[in-house]
Amino acid sequence: MFHRQLEAHKRNRNLILVVGWAMMIVGYVTPMLWMAGVGGLLLNGYAYYLMATDKRLAPKRGFRIPEVSLLLTAILGGGIGALAGMLTYRHKTKHISFMIVVPVFCILQLFLLLQAIGQ
């Protein structure tokens with residue numbers, strides 16, 4: 001049962017990451033800048049959703065969102081959403097890896113966003 005849930009989670013995670021990045025790239029290289037914004041919102045909304053879902057699943061002792069998925073989503077464009085989810089739900093705030101990696105990538109993504117807007 002857990003194996004099927006994990007495979008479904010990985011498939012959905014990869015699909016959302018690919019679609020979000022595709023939208024951001026298309027929006028960046030074409031005059032449709034709004035598409036880049038929608039892609040960024042998709043990635044950050046998904047990262048926030050993953051943090052909220054993992055926090056909700058924590059006491060149930062069942063399937064949990066793997067930490068690698070939470071970090072991967074934060075690193076690949078969802079840093080702001082992951083940080084917001086961490087702080088809103090007080091989730092993974094005692095894990096040093098999350099307290100370092102997520103804010104660093106959040107700052108990096110904000111920097112890249114400002115660079116893209118200033119272009």
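K92 is buried in this predicted model, since its relative accessibility is 9% and the cut-off for buried is under 20%. That residue sits in the loop between α3 and α4, and its phi is positive, at about 65°, although K92 is not a glycine. Around that loop, here's a quick tour of the fold, the helices and a few residues worth a look.

**The loop between α3 and α4**

- K92 shares this loop with R90, which comes just after α3.
- R90 also has a positive phi, about 50° in this case, and again the residue is not a glycine.
- For context, most residues other than glycine have a negative phi.
- Is R90 buried or exposed? R90 is exposed, because its relative accessible area of 68% is over the 50% cut-off.
- So the loop holds a buried K92 and an exposed R90.

**Overall fold**

- The protein chain has four helices and zero strands, which gives the pattern α-α-α-α when you read along the sequence.
- Its radius of gyration comes to 15 Å, close to the 14 Å that the globule rule gives for 119 residues, so the chain is as compact as a globular protein of that length.
- If you lay the C-alpha trace along its principal axes, it spans about 45 × 30 × 20 Å.
- Take the contacts with a separation of 6 or more: 63% of them come from residues 24 or more positions apart.
- Buried residues account for 35% of the 119 residues.
- As for the surface, the chain exposes about 7,400 Å², with carbon and sulfur atoms supplying 72% of that area.

**Helix α3, the bent one**

- α3 covers residues 67-89, so to speak a run of 23 residues, but its end C-alpha atoms are only 16 Å apart.
- A straight helix would reach 33 Å at 1.5 Å a residue, and α3 falls short of that.
- Where does α3 bend? The bend is at G78, and it amounts to about 135°.
- S69 belongs to α3 and counts as buried, because its relative accessibility is 1% and the cut-off is under 20%.
- The S69 side chain makes a polar contact with the side chain of R13, at 2.8 Å.
- Setting aside neighbours within four places in sequence, S69 is in contact with H9, R13 and L50.

**Helix α1, up against α2 and α3**

- α1 runs over residues 2-29, and its 28 residues reach 40 Å from first C-alpha to last, close to the 40 Å expected at 1.5 Å a residue.
- Which residues of α1 are buried? They are H9, R13, L17, G20, M23, M24 and G27.
- Those buried residues pack against α2 (33-57) and α3.
- H9 and R13 turn up both in that buried set and among the contacts of S69.
- N12 is in α1 too, but this residue counts as partly exposed, because its relative accessibility of 40% lies between the 20% and 50% cut-offs.
- N12 and L114 are 102 residues apart in sequence, and their C-alpha atoms are 29 Å apart in space.

Notes: Residues numbered from 1 in each chain as written. Predicted model: local features only at pLDDT ≥ 70, side-chain atom pairs only at ≥ 80, totals over all residues. Heavy atoms only, no water. Helix = DSSP H or I, 4+ residues; strand = E, 2+ residues; numbered from the N terminus. Expected span 1.5 Å × (residues − 1). Bend = angle between axes of the 7 residues up to and from the residue. Rg over C-alpha atoms; globule rule 2.2 N^0.38 Å. Buried < 20%, exposed > 50% of the residue type's maximum accessible area, 1.4 Å probe, protein only. Contact = heavy atoms within 4.5 Å. Areas by Shrake-Rupley, 256 points an atom, 1.4 Å probe, with all protein chains shown as cover. Polar contact = N/O pair within 3.5 Å; in protein donor to acceptor, adjacent residues only side chain to side chain.
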